[in-house]
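Please work through the exercises below with the sequence and the coordinates at hand, and try each task before reading its solution.

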Amino acid sequence: MKKRIALSMILSVILILLPVIANAHPGRTDANGGHYCRTNCAKWGLKNGEYHYHNGGSSNSKPAATAKPAVKPTAKPTANPTATPAPTLLLPKKQIVGTLQVYFFDVGQGDSTLIRTPSNQYVLIDGGNNNQGKNVVKYLNALGVKTLDALVATHPDADHIGGLDDVLKALDVKAVYAPKVSHTTETYKDFLTAVKNEGRTIKAVTKGVTIPLTGVEAKFLAPIRAYGDDLNDWSAVLKVTHKNKSFLFTGDAEKASENDMLADGMNLKADVLKVGHHGSSSSTNKAFLDAVKPQYAVISVGKNNYGHPDSGILTRLKNANTSILRTDQKGTITAISDGNKITFTSTKGVK
């Protein structure tokens with residue numbers, strides 16, 4: 001009898017608690033302090049299977065241990081992203097054999113000029129800055145140059161000799177010319193090392209030294225004397241004459257060297273002047289320009305903070321009725337001469 005009474009009491013308790021159990025929010029919390037809703041979820045403002053925390057807060061995310069990182073939607077790209085291409089190097093075209101050709105290479109703020117004689121001999125004057133050496137080699141390759149009969153380093157400044165070690169490594173160079181002035185920079189040491197590695201010695205440039213070429217006279221007019229630490233005035237100045245036409249290449253020669261050439265009484269007349277020192281006001285003084293009387297002036301220049309070319313020099317050239325061509329505007333400039341007339345072309349066009 002007692003057992004029946006006890007059983008009845010237990011059943012009564014269960015019946016009393018059943019609604020509470022039905023409304024309960026079962027499920028053990030996990031290591032993150034929450035669990036998934038399985039019964040009466042709507043009562044708690046949840047969806048079936050929604051993960052939430054025991055303190056009443058809810059989350060639509062799964063536990064951190066199993067959750068996937070949210071990915072922010074992004075717009076679909078309209079095109080595949082590409083790196084900014086390097087500027088295309090505009091290569092000069094090789095001209096017909098039998099003419100004197102002078103290629104004023106576009107090497108930015110620096111100098112590099114190739115002379116091709118009518119008998120197919122090649123002279124390179126300077127090689128631009130260190131970062132232009134490979135471009136100079138590309139120019140030479142495009143023109144079919146495999147051997148340089150002469151390489152002229154006008155003076156030790158980096159924007160003139162920086163690329164010459166690349167040239168010396170890439171081509172066969174028969175002779176190297178440079179003024180007898182040294183420098184302590186790594187760039188100049190690289191140049192000397194490259195000359196040595198090619199088994200060459202440097203022929204010292206002074207007034208009167210000539211480069212042996214067939215059918216063309218190539219004579220150095222300067223340096224006439226020593227100029228101490230003034231590297232620019234040490235510049236090798238070369239005059240090239242073919243029949244009735246001539247070119248004057250002045251490197252970075254400044255007023256001291258120009259005045260010495262004037263005082264020496266030498267014939268400075270030239271149809272084309274490679275303007276000294278990128279058009280700096282320190283070069284191309286009026287007396288010198290009056291002696292040269294060029295019909296054309298080529299300025300090798302690039303973007304710079306030096307003010308090259310100087311506005312006063314440009315005015316001086318215009319007042320002398322000289323046509324001005326600039327590599328920063330025209331790219332590589334090519335002069336072609338049959339000995340009686342000179343025509344020009346360039347990689348960016350010539351007006």
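The exercises that follow concern a predicted model, and they treat its sheet, its cores and its aromatic pairs in turn.

**Exercise 1. The sheet**

Determine the order of the strands in the open sheet of eight strands, and state which are the edge strands.

Solution. Following the pairing from one end to the other gives the order S10-S9-S7-S5-S4-S3-S17-S18, and the pairing is mixed. At the ends stand strand S10 (202-205) and strand S18 (342-346), each of which pairs on one side only. From one strand to the next, the twist averages 20 degrees.

Within this order, strand S4 (residues 113-116) and strand S5 (residues 122-125) are joined by four bridges in the antiparallel sense, and the bridge partner that Leu-114 finds in S5 is Leu-124. Helix H5 (residues 186-197) packs on the sheet, where it touches strand S7 (150-152), strand S9 (176-179) and S10, and its direction makes about 125 degrees with that of S10.

**Exercise 2. The nonpolar cores**

Identify the residues that touch the most other members of the largest nonpolar core, and find which strand supplies the largest share of this core.

Solution. The largest nonpolar core has 29 residues, and those touching the most other members are Ile-211, Phe-249 and Phe-344. Strand S3 (residues 100-104) contributes three residues, which is the largest share. Another core, of 27 residues, lies apart from it and includes Phe-105, Tyr-122, Leu-148 and Leu-171.

To see the surroundings of one such residue, leave aside the neighbours of Phe-344 within four places in sequence: Phe-344 is then in contact with Val-272, Tyr-296, Val-298, Leu-325, Ile-333, Thr-334 and Ala-335.

**Exercise 3. The aromatic pairs**

Explain why the pair formed by the rings of Phe-104 and Phe-249 is classed as tilted, and then examine the pair of Tyr-177 and Phe-220.

Solution. A search of the whole structure finds seven aromatic pairs. For Phe-104 and Phe-249, the ring centres are 6.2 Å apart and the planes stand at 35 degrees, so the pair is tilted, given that planes under 30 degrees apart count as stacked and those over 60 as edge-to-face. Because Phe-104 belongs to strand S3 and Phe-249 to strand S13 (residues 245-249), the pair ties together parts that are 145 residues apart in sequence. Both Phe-104 and Phe-249 are buried, and together with Phe-247 they form one aromatic cluster.

The pair of Tyr-177 and Phe-220 is tilted, with 5.9 Å centre to centre and 40 degrees between the planes. Tyr-177 lies in strand S9 and Phe-220 in strand S11 (residues 217-222), so that distant parts of the chain, 43 residues apart, are linked. Tyr-177 and Phe-220 are both buried.

Terms used
Residues numbered from 1 in each chain as written. Predicted model: local features only at pLDDT ≥ 70, side-chain atom pairs only at ≥ 80, totals over all residues. Heavy atoms only, no water. Core = buried A, V, L, I, M, F, W, Y, C linked by side-chain atoms within 4.5 Å. Buried < 20%, exposed > 50% of the residue type's maximum accessible area, 1.4 Å probe, protein only. Helix = DSSP H or I, 4+ residues; strand = E, 2+ residues; numbered from the N terminus. Contact = heavy atoms within 4.5 Å. Pairing = 2+ DSSP bridges. Axes fitted to C-alpha atoms, helices over the stretch in contact; angles between N-to-C directions. Phe/Tyr/Trp six-rings, centres within 6.5 Å; stacked < 30°, edge-to-face > 60°.
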